[in-house]
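This report walks through a structure by location, from single positions in the chain to the surroundings of a bound ligand. The sequence and the model are shown first, and the description follows.

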Amino acid sequence: MADKDPIVTHVFTADPSAHVFNGKLFIYPSHDRETDIPNNDNGDQYDMNDYHVFSMEEVGGPVTDHGVVLKQEDVPWVSKQLWAPDAATKNGKYYLYFPARDKDGIFRVGVAEGDKPEGPFKPEPEPIQGSFSIDPATFVDDDGQAYLYFGGIWGGQLQCWTTGEFQRDAYSTMEAQDGPALSAKVGKLNDDMKSFASPPQDVLLLDGETGQPIHSSDHDRRFFEAAWLHKYNGKYYFSYSTGDTHYLAYGISDSPLGPFTYGGRILEPVLGWTTHHSIAEFKGKWYLFYHDTSISGKNHLRCVKIREIVYDAEGKIQLAEPQAKLETAA
Ligand code: FUB
């Protein structure tokens with residue numbers, strides 16, 4: 001298997017969050033499914049209702065599907081759309097974080113606990129208090145402090161929370177926004193891994209030359225969705241999707257709370273509208289986990305892929321092998 005082949009082909013997978021637990025590489029993706037719902041900017045076509053977990057001993061080796069580890073009908077507060085998840089471990093337990101719409105159609109972040117990285121996971125009956133929007137990503141620092149990053153604009157509803165209260169009609173407000181781009185959010189987690197230690201704050205993303213926040217009109221660099229945090233060589237890397245311009249980009253900071261200075265692009269657009277990723281070290285190499293639509297040709301039916309990345313002398317991220325301008329199906 002070449003690095004650019006889909007790692008799973010028997011089900012559709014997307015939004016891969018990768019972690020190394022107990023010496024194995026685990027991937028926690030969205031589980032895309034067929035639907036007749038037409039594509040729209042709200043993302044209604046992403047109508048997922050459960051999660052699988054995958055693991056492997058080697059990149060490029062066989063991938064184990066651990067089956068369904070959490071399903072919508074087991075989460076009392078969810079109405080639909082189990083979107084991009086992530087996982088973390090602390091104190092011998094494993095936690096699956098997932099966004100979904102509640103019974104009022106508002107995206108919240110839920111958490112489910114398990115004894116093993118491959119699940120199954122038992123959900124809490126309510127979403128995490130103070131959570132909103134989509135795409136949770138966890139980071140546990142060397143001192144044991146856990147952080148939860150999240151947020152996504154347009155269908156992810158981040159623009160609906162600018163006042164601290166949910167404003168259902170805020171979509172058009174965002175279109176007219178002039179000023180700093182909306183930021184992803186980050187909150188420290190309590191030791192229980194199920195609650196925020198303090199209200200989430202902005203993940204500030206600054207231009208390296210001016211020191212000013214990235215502007216809302218800077219669609220090639222501003223945050224859209226798909227937050228991820230990893231640490232390399234003592235620095236914190238916040239990476240994300242630029243959404244409608246389809247890039248994966250990143251910023252670097254000395255603190256997991258930022259501010260982050262824009263560092264460049266990791267991945268050019270892939271096949272399909274969405275791009276979403278994670279970054280992890282496994283057996284001495286660093287990898288980018290991402291998705292495209294090369295199997296299906298449909299935006300909502302995606303497949304996860306892996307590429308090796310390297311860092312240059314300044315700590316900038318590069319693909320180990322250059323990317324073709326737009327990948328086509330093999
Ligand atoms: O998979 C549904 C949504 O599509 C995710 O939450 C976004 O990041 C985008 O990949």
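## A strand position at the outset

Arg-265 lies in strand β18, which covers residues 260–267. The model described here is a predicted one, and in it Arg-265 is partly exposed, with a relative accessible area of 34%. Along the chain, Arg-265 and Pro-85 are 180 residues apart, and their C-alpha atoms are separated by 23 Å.

## The loop that leads into β18

The loop between β17 (248–253) and β18 contains Pro-259, and Gly-258 likewise has its place in the loop between β17 and β18. These two residues are joined by a cis peptide bond, for which omega is about 0°. Gly-258 has a relative accessible area of 17%, and because the limit for a buried residue is under 20%, Gly-258 is classed as buried. In space, the C-alpha atom of Gly-258 is 7.8 Å from that of Leu-205, although the two residues are 53 apart in sequence.

A cis peptide bond is also found from Gly-119 to Pro-120, with omega near 5°. Here Pro-120 belongs to the loop between β8 (107–114) and β9 (122–123).

## Positive phi in two loops

Asn-22 is a residue other than glycine with a positive phi, the value being near 55°. Its location is the loop between β1 (12–21) and β2 (24–32), where Asn-22 is exposed, with a relative accessible area of 63%.

Gln-81, also a residue other than glycine, has a positive phi near 65°, and it is placed in the loop between β5 (78–80) and β6 (86–90). Is Gln-81 buried or exposed? With a relative accessibility of 0%, Gln-81 counts as buried.

## Buried polar and charged side chains

Asp-207 is found in the loop between β14 (205–206) and β15 (225–232), and its relative accessible area of 15% makes it a buried residue. Which partners does the side chain of Asp-207 have? A polar atom of this side chain lies 2.7 Å from the backbone nitrogen of Glu-209, while a polar contact of 2.9 Å joins the side chain of Asp-207 to that of Arg-221.

Ser-239, in strand β16 (residues 235–241), is buried as well, at 1% relative accessibility. The side chain of Ser-239 takes part in a polar contact of 2.8 Å with the side chain of His-277. Gln-159, in turn, sits in the loop between β11 (146–150) and α1 (171–175) and is buried, with a relative accessible area of 4%. Between Gln-159 and Ser-172 the separation is 13 residues in sequence and 9.3 Å in space, taken from C-alpha to C-alpha.

## The shell around the ligand

The ligand is surrounded by Asp-15, Ser-30, Met-48, Trp-83, Ala-84, Ile-134, Asp-135, Glu-225, Thr-274, His-276, His-291 and Arg-302. By residue character, this shell divides into 4 nonpolar, 4 polar and 4 charged residues. The space that the ligand takes is the second largest pocket.

## Polar contacts and burial of the ligand

How far is an oxygen atom of the ligand from an N or O atom in the side chain of Asp-15? The distance is 2.5 Å. For His-276, an N or O atom of the side chain is 2.6 Å from an oxygen atom of the ligand, and for Arg-302 a polar side-chain atom lies 2.7 Å from a ligand oxygen atom. Taken alone, the ligand exposes 270 Å², and the protein buries 99% of that area.

Asp-15, His-276 and Arg-302 are thus each part of the shell around the ligand, and the burial of 99% describes how far the protein covers the ligand within that setting.

Note on methods. Residues numbered from 1 in each chain as written. Predicted model: local features only at pLDDT ≥ 70, side-chain atom pairs only at ≥ 80, totals over all residues. Heavy atoms only, no water. Near = heavy atom within 4 Å. Polar contact = N/O pair within 3.5 Å; in protein donor to acceptor, adjacent residues only side chain to side chain. Areas by Shrake-Rupley, 256 points an atom, 1.4 Å probe, with all protein chains shown as cover. 1 Å grid on protein atoms, 1.4 Å probe; cavity = no way out; pocket = protein on both sides within 12 Å on 5 of 7 lines; lining within 4 Å. Sits in = over half its atoms within 2 Å of the grid points. Nonpolar A, V, L, I, M, F, W, Y, C, P; charged D, E, K, R; others polar. Helix = DSSP H or I, 4+ residues; strand = E, 2+ residues; numbered from the N terminus. Buried < 20%, exposed > 50% of the residue type's maximum accessible area, 1.4 Å probe, protein only.
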